[in-house]
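User: I should like to request a close look at a single part of this protein. Please explain, in terms that a first-year student can follow, how that part is put together, and then set it within the rest of the chain.

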Amino acid sequence: MKIEDALKFYLEYIEKELNYSDLTKDNYKRDILLYKEFLDIYGYNYLKINKNEIMDYLKYLDGFKYSSKSIGRNLSSLRSFYTYLIEIKIIDTNIFKRIRNPKVSKKLPNYLSVVEVENVLDEIHEETKEDIRNKCLFELLYSTGMRVSEVSDIKIRDIDFDEKSIRVMGKGSKERIVYYGDKLNNILHKYLRVRNEFNLSKDNQFLFINKLGNKLSRQSIEYIIDKIMLTSEVNHKISPHTLRHTYATHLLDNGADLRSVQELLGHDSLDTTEIYTHISNERLRTEYMKYHPNRDRE
């Protein structure tokens, strides 16, 4: 069977049997066509590919300056394709399962210092109901580490005011509990007192609402945070997700257990959370190089 025929059957399989989206199907198709292009150039047989020839393919991809992440995705597409070839009894083994994805270098996320957070909060005046809402929004993002989409979906009934906790529905419909302290508690109650001054319908139970009384969307939250940061003295780029990074970093800086932070953030894997330990370590290194008297003595 020619590879183009196998690809045609494979794409029909992932669409009809696996219900993959058109976007996912297009990504698989693009990756496998790139692989076919390589096979045609080198004269390799896709049914008899060996490890050395796959190493040639990785060099081929590297020649296009593809990132480690892109190469890893391409290999994942080929693993899936070859698994299908086994299922339809075209081949016996999936050699791509023996090939590891290249290690992806993790870019350390941006975050605010404690002083920067305090300065931004101090700069948000409480002159209007929108000011109070926006200050509550900023404080909540920092105090809970919630994702923007999660904050947008908070309903008042999700908040336990006695326990100072919020029930969150995260990615994959996974529920978790996040906690907050007195600072958020104070501004939260202040906001709830003015919330009814918005054009509010009785059946709207979402915590954060806009001028029309509708739920504050993810895009609106991002716009509000951008606007807050434009008037602040913080020089580096800040987004709502930066406050999530800040939350995690400050917890670890102050001695929080890594697994506890994982649970609070709603991460499936501890590997995702571990990047914040690198931030803390880099901060400690910076402090050492800045202040220790023997840092540059021979």
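The answer that follows concerns the open sheet and then turns to the chain around it. In which order do the strands of the open sheet stand, and with which kind of pairing?

Analyst: The structure is a predicted model, in which local features require a pLDDT of at least 70 and side-chain atom pairs a pLDDT of 80 or more, while totals for chains, interfaces and linings use all residues. Residues are numbered from 1 along each chain as its sequence is written, and side-chain values use heavy atoms, without hydrogens or water.

The protein chain contains 12 helices and three strands; both are DSSP runs numbered from the N terminus, with at least four residues (H or I) for a helix and at least two (E) for a strand. Three strands make up an open sheet in the order β1-β2-β3, and their pairing is antiparallel. The edges of the sheet are β1 and β3, each of which has a single partner strand, so one side of each lacks a neighbour in the sheet.

The two pairings may now be taken in turn. Strand β1, residues 159–160, runs antiparallel to strand β2, residues 165–169, and two bridges join them; strands count as paired if DSSP finds at least two bridges between them. One position in this pairing can be named: Asp160 has Ser165 of β2 as its bridge partner. The two strands form a hairpin with four residues between them, and in the turn Lys164 has a positive phi of about 55 degrees.

On the other side of the sheet, β2 pairs with strand β3, residues 175–179, in the antiparallel sense, here over five bridges. Ser165 appears again in this pairing, since it stands opposite Tyr179 in β3. β2 and β3 also form a hairpin, with five residues between the strands, and there Gly172 takes a positive phi near 65 degrees. Ser165 is therefore a useful residue to find on the display: its partner in β1 is Asp160, and Tyr179 of β3 lies opposite, while the strand edges left without a neighbour belong to β1 and β3.

The remainder of the chain supplies the setting. Helix α6 and helix α8 meet through many residues: among them are Ile132, Cys136 and Leu140 in α6, and Leu184, Ile187 and Tyr191 in α8. Elsewhere, α1 and α2 meet as well; Leu7, Leu11, Ile14 and Glu15 are among the residues of α1 involved, and Lys25, Tyr28 and Ile32 are among those of α2.

Lys25, which lies in helix α2 (residues 22–42), deserves a separate remark. Lys25 counts as buried because its relative accessibility is 18%, the limit for buried being under 20%. Apart from neighbours within four places in sequence, Lys25 is in contact (heavy atoms within 4.5 Å) with Leu11, Ile14 and Glu15.

For the chain of 298 residues as a whole, 40% count as buried. Of the contacts between residues at least 6 apart in sequence, 58% join residues at least 24 apart.

Methods: Buried means under 20% relative accessible area, exposed over 50%, partly exposed in between (1.4 Å probe, protein chains only).
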